[in-house]
Amino acid sequence: MGTLLLRHATLVATMDDARREIADGAVLIRDNVVEAVGPTDALPAVADAVIDVTGHVVLPGLVNTHHHLFQTLTRAVPAAQDADLFAWLRALYPMWARMTPEMMFVSAQAGLAELMLSGCTTSSDHLYLYPNGSRLDDTIAAAREIGVRFHACRGAMSVGESNGGLPPDALVEDEAAILRDTRRVIEAFHDPAPMSMLCVAAAPCSPFSVSPSLMRECAALASSFGTGVGLHTHLAENDADVVYSRERFGCSPAEYAESLGWAVPHAWHAHCVHLDDAGIALFARNGTGVAHCPTSNMRLASGIAPVRRMLDRGVQVALGVDGSASNDGSHLLAEARQALLAQRVASGAAALTAREALLLATRGGARVLGRDDIGQLAPGKAADVIAFDLDAIAFAGGADHDPLAALLFCAPAQVAISIVDGRIVVRDGALTSLELPPLVLRQRALARALANAR
């Protein structure tokens, strides 16, 4: 791929160990690796390709650690607009049961396109239902085509309504089949090498939709590979979630996770809104990660996760946009802004700074996904680089005071340039890997078909 040089940035924020912020900065990329970062006049002026990023803030690509891409087809569904978590799920399960492999592919591309235009270069996705022949392979194909770094989570539901679970019986799978297919996708797709573009995690959906035995078996399966296969699920999302855990399992959600082998460094749990102090200490002690999804938590009235307390105790915390039927958008920079604002509502005006919120979206995401090759701009790290144009109207009157903080305090903006694995995937604010208008038309047609089917 050769060398690519971004130079004359208003600011390069490295998010590296030194947390450098370099005025008139530059980044030199060789093939798919960052070779050098520093002041423009300290780096070579010549490369195979040179991009002048005057008036831009340059950052490492943002990392999204929790999503349900299939839900982009069910945004703003009337029956689910004013519901809490369990009622929201019950309203949407019947629609999701009608999804097809094509819907999985197209919805994934729509969600990933939206993410990439917000500055996301690495995304996980938690797919936990497989109606009408759908497979995890459908979303993996979508991610490969669009060019994002991807962590595909093989989710599952095995406890239906007839056995005391929340999902309808038609959407649950046999546990032996779940384990077989989880092994299949790990063996077929998981790449543990540095700079990997595709990783796979075992991801039973939640304590109220799978059995304890499946949770244990998945933990054992992931550990058996010994190659960075992660574990992912939902935990302690709302009050009802906690009540279910105590009534059904006789313990808190964190204690339940620990009893099943899920309080480990290669596990990360979505939400944790109602993780108590003992649970926070347990996660900190064991290096277990949390995917914080503030917009979804507010949309469903689940609450505000105790992120400040988690960080102070040493818990690894990252950001997730969550499904596009409980966030209704996939904008990761906006999610970082929501995290900042929500913590201030919960814990005071200085509870989370703009720079801390950006760390959650970069280094925090890398750590939670078990990676040290992304989330920062430093020699030897993956060439995932983004640039925001400070001349946008959203930053007028703010960028001259503190350009980095302006990304969070001002209205969320779209990314101007995005580079993933050394390849330009967004240029001048437009995707280079696919045409958006045909995708939007197909997405809308499928959404109408899904809504009108019976």
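**Two pockets and two helix crossings**

The lining of the largest pocket divides into 11 nonpolar residues, 8 polar and 4 charged (nonpolar: Ala, Val, Leu, Ile, Met, Phe, Trp, Tyr, Cys and Pro; charged: Asp, Glu, Lys and Arg; polar: the others, Gly among them). This is a predicted model, in which local features need pLDDT of at least 70 and side-chain atom pairs pLDDT 80 or more, while totals for chains, interfaces and linings use all residues. Residues are numbered from 1 along each chain as its sequence is written, and side-chain values use heavy atoms, without hydrogens and water.

**Stop 1: the largest pocket**

The largest pocket has a volume of about 330 Å³. Select Cys-199, Gly-228, Leu-369, Gly-370 and Arg-371; of the 23 lining residues, these are the closest to its centre. (A pocket is an open set of 1 Å grid points where a 1.4 Å probe fits, with protein on both sides within 12 Å along at least five of seven lines; lining residues have an atom within 4 Å of a point. Volume is the space filled by probe spheres set on the points.) Now select strand 9, residues 198–204: this strand gives the largest share of the lining, 3 residues. (Strands are DSSP E runs of at least two residues; helices are H or I runs of at least four.)

**Stop 2: the second largest pocket**

The volume here is about 220 Å³. Which residues lie nearest the centre of the second largest pocket? Pick Leu-311, Val-317, Leu-359, Leu-360 and Arg-367, from a lining of 14. Then colour helix 10 (307–313), strand 13 (316–319) and helix 12 (354–368), each of which supplies at least two lining residues. Helix 12 gives the most, with 6. By class, this lining has 6 nonpolar, 3 polar and 5 charged residues.

**Stop 3: helix 2 on helix 3**

Show helix 2 (101–117) and helix 3 (136–146). They pack at about 40 degrees, axes 8 Å apart. The pair is therefore oblique (35 to 65 or 115 to 145 degrees). Select the contact residues, including Phe-105, Ala-108 and Leu-112 of helix 2 and Ala-142, Glu-145 and Ile-146 of helix 3 (contact: heavy atoms within 4.5 Å). This contact has 11 nonpolar, 2 polar and 2 charged residues.

**Stop 4: helix 2 on helix 14**

Keep helix 2 and add helix 14 (436–452). Their axes come within 10 Å and cross at roughly 130 degrees. That makes helix 2 oblique to helix 14. Select Val-106, Ala-110 and Leu-117, among the helix 2 residues that meet helix 14; among their partners are Leu-439, Arg-442 and Leu-446. By class, this contact has 9 nonpolar, 3 polar and 2 charged residues.

Definitions and conventions. Axes are lines fitted to C-alpha atoms, for helices over the stretch in contact, and angles run from 0 to 180 degrees between N-to-C directions.
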